[in-house]
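Biologist: I should like to learn how the features of a structural model are read. May we take them one at a time?

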Amino acid sequence: FFFTESPMLKAFLGHMLDYENQKLHHAEIKINEMSVEISLFTRDLNAITELDYDYAKFADVIYRDLIQ
């Protein structure tokens, strides 16, 4: 995910951290300047699960809402 403004980046990260705490499912989040990379994998099952797909869908929705 790429952002042109710092407040949008912060808002995105805030939403993602809130989602993680609500779902008790955490991703690896890498921040490099104005870009965010999210890696998803359910370690307990050694697989990509529905929780990961739901997380990815949520991230896409939040990103689209913020950049509009």
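Modeller: Let us begin with the strands, bearing in mind that this is a predicted model. Strand β1, residues 28-32, pairs with β2 in the antiparallel sense over five bridges. Within this pairing, I29 has I38 of β2 as its bridge partner.

Biologist: What lies between β1 and β2, and which residue in the turn has a positive phi?

Modeller: The two strands form a hairpin with two residues between them. E33, in the turn, has a positive phi of about 55°.

Biologist: Which side chains of β2 are buried, and which are not?

Modeller: The side chains alternate along β2. V36 and I38 point to one face and are buried, whereas S35, E37 and S39 point to the other and are not.

Biologist: How should a salt bridge be read, and which side chains meet in one here?

Modeller: Side chains of opposite charge can pair when their charged atoms come close. The cut-off applied is 4 Å between a side-chain nitrogen of Lys or Arg and a carboxyl oxygen of Asp or Glu. By this rule the count is one salt bridge. The side chains of E28 and K30 form a salt bridge, at 3.4 Å from N to O. E28 is partly exposed, with a relative accessible area of 36%, and K30 is also partly exposed, at 45%.

Biologist: How many aromatic pairs does a search of the whole structure find?

Modeller: The search finds seven aromatic pairs. One of them joins F1 and Y63, with 5.1 Å centre to centre and 55° between the planes, and is tilted. F1 lies in the segment before α1 and Y63 in helix α2, so the pair ties together parts that are 62 residues apart in sequence. F1 counts as partly exposed at 27% relative accessibility, while Y63 counts as buried at 18%.

Biologist: Why is the pair of Y19 and F58 called stacked?

Modeller: Planes under 30 degrees apart count as stacked. The ring centres of Y19 and F58 are 4.3 Å apart and their planes lie at 15°, so the pair is stacked. This pair links distant parts of the chain, with Y19 in helix α1 and F58 in helix α2, 39 residues apart. Y19 counts as buried at 8% relative accessibility, and F58 as partly exposed at 25%.

Biologist: Which residues do ring pairs link into a cluster?

Modeller: The cluster consists of F1, F3, F12 and Y63.

Biologist: Which residues form a nonpolar patch on the surface?

Modeller: F41, I48 and Y53 form this patch, with about 300 Å² of accessible area together. Among them, I48 is located in the loop between β2 and α2.

Terms used
Residues numbered from 1 in each chain as written. Predicted model: local features only at pLDDT ≥ 70, side-chain atom pairs only at ≥ 80, totals over all residues. Heavy atoms only, no water. Patch = residues over 30% accessible without salt bridge, like charges linked within 9 Å, V, L, I, M, F, W, Y side chains within 5 Å. Areas by Shrake-Rupley, 256 points an atom, 1.4 Å probe, with all protein chains shown as cover. Helix = DSSP H or I, 4+ residues; strand = E, 2+ residues; numbered from the N terminus. Buried < 20%, exposed > 50% of the residue type's maximum accessible area, 1.4 Å probe, protein only. Pairing = 2+ DSSP bridges. Phe/Tyr/Trp six-rings, centres within 6.5 Å; stacked < 30°, edge-to-face > 60°.
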